Amino acid sequence: AFAEEKTRTEQWLEKGLNEFCFHVTVCDTDYVITDSYNIYYKANKISFNNVTLFGNLKANVVFDGEKAFLYPSGFPFIHFQFEEDFESDQDENFVMTDILDDLSFIKNYEQKINSTVYYVEEFVYVDPEIDDSAEIYKFCFSGDELKLILTKSEYQITQNEIISNDVDDNVFKLPLFSINLTPIFRMIQNLLFDY
């Protein structure tokens with residue numbers, strides 16, 4: 001028996017990545033943009049920059065490998081530290097093949113997106129617990145390099161564009177002179193909610 005040939009997506013993900021930056025654009029099904037932000041990853045650190053939280057609040061969320069912080073993007077002089085410390089058990093390489101475990105390959109083809117022609121491998125995810133939950137994943141390559149990951153569900157369309165494989169360590173650091181408001185928040189929380 002012949003081994004089943006791996007998709008280009010499987011081959012690319014198996015290489016693993018030790019650093020990258022995605023620009024994420026989220027749209028509703030009418031292609032109206034509802035959010036736009038960057039995700040930075042390096043070794044065991046990850047940063048979400050300018051992501052929308054709590055209505056219209058834009059914030060940065062940083063996991064520095066041990067602790068997690070949140071601070072407003074437009075007012076970086078204050079921050080909150082997540083209650084738990086995060087012990088990372090990841091190695092230095094981010095192996096993403098796990099994301100394919102629940103996806104089924106459908107087909108491959110060429111598609112023009114924003115004036116660029118990509119080789120596309122399309123997968124589907126169906127949640128066995130939820131009817132009509134199919135999500136389509138498109139992994140878009142230019143040559144052998146993955147450039148875009150597009151996902152489409154019943155409610156939204158997300159474009160993840162790889163804009164860099166070189167990440168500055170500063171994106172995982174708190175802004176200089178930022179004040180930790182977590183102790184004040186915890187004090188108020190204890191006063192109001194502990195009986």
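**Aromatic contacts in a predicted model**

User: In this predicted model, why is F105 called partly exposed?

Analyst: The relative accessible area of F105 is 40%. Buried requires under 20% and exposed over 50%, so F105, at 40%, is classed as partly exposed.

User: What makes F123 count as buried?

Analyst: F123 has a relative accessibility of 3%. The cut-off for buried is under 20%, therefore F123 meets it.

User: How do you know that F123 and F139 form an aromatic pair, and what makes it edge-to-face?

Analyst: Their ring centres lie 5.4 Å apart, with 85 degrees between the planes. Pairing requires centres within 6.5 Å and edge-to-face requires over 60 degrees, so both conditions are satisfied. The pair links distant parts of the chain, with F123 in strand 8 and F139 in strand 9 (residues 135-142), 16 residues apart. F139 has a relative accessible area of 0% and is therefore buried, the limit being under 20%.

User: How many aromatic pairs does the search of the whole structure find?

Analyst: The search returns 6 aromatic pairs. Among them is F105 with F123, edge-to-face at 5.4 Å centre to centre and 70 degrees between the planes. F105 belongs to strand 7 (residues 104-113) and F123 to strand 8 (residues 116-125), 18 residues apart. Separately, F20, F22 and Y41 make up one aromatic cluster.

User: How do you know that the charged end of R8 sits over the ring of Y119?

Analyst: The charged end of R8 is 3.9 Å from the ring centre of Y119. The distance limit is within 6 Å, so this separation qualifies. R8 also lies over the face of F141, at 5.8 Å from the ring centre.

Technical notes:
Residues are numbered from 1 along each chain as its sequence is written. This is a predicted model: local features need pLDDT of at least 70, side-chain atom pairs count only at pLDDT 80 or more; totals for chains, interfaces and linings use all residues. Side-chain values use heavy atoms; hydrogens and water are left out. Rings of Phe, Tyr and Trp (its six-membered ring) pair if their centres lie within 6.5 Å; planes under 30 degrees apart count as stacked, over 60 as edge-to-face and the rest as tilted. Helices (H or I, at least four residues) and strands (E, at least two) are DSSP runs, numbered from the N terminus. Buried means under 20% relative accessible area, exposed over 50%, partly exposed in between (1.4 Å probe, protein chains only). A charge sits over a ring if NZ of Lys or CZ of Arg is within 6 Å of the ring centre and within 35 degrees of the ring normal.
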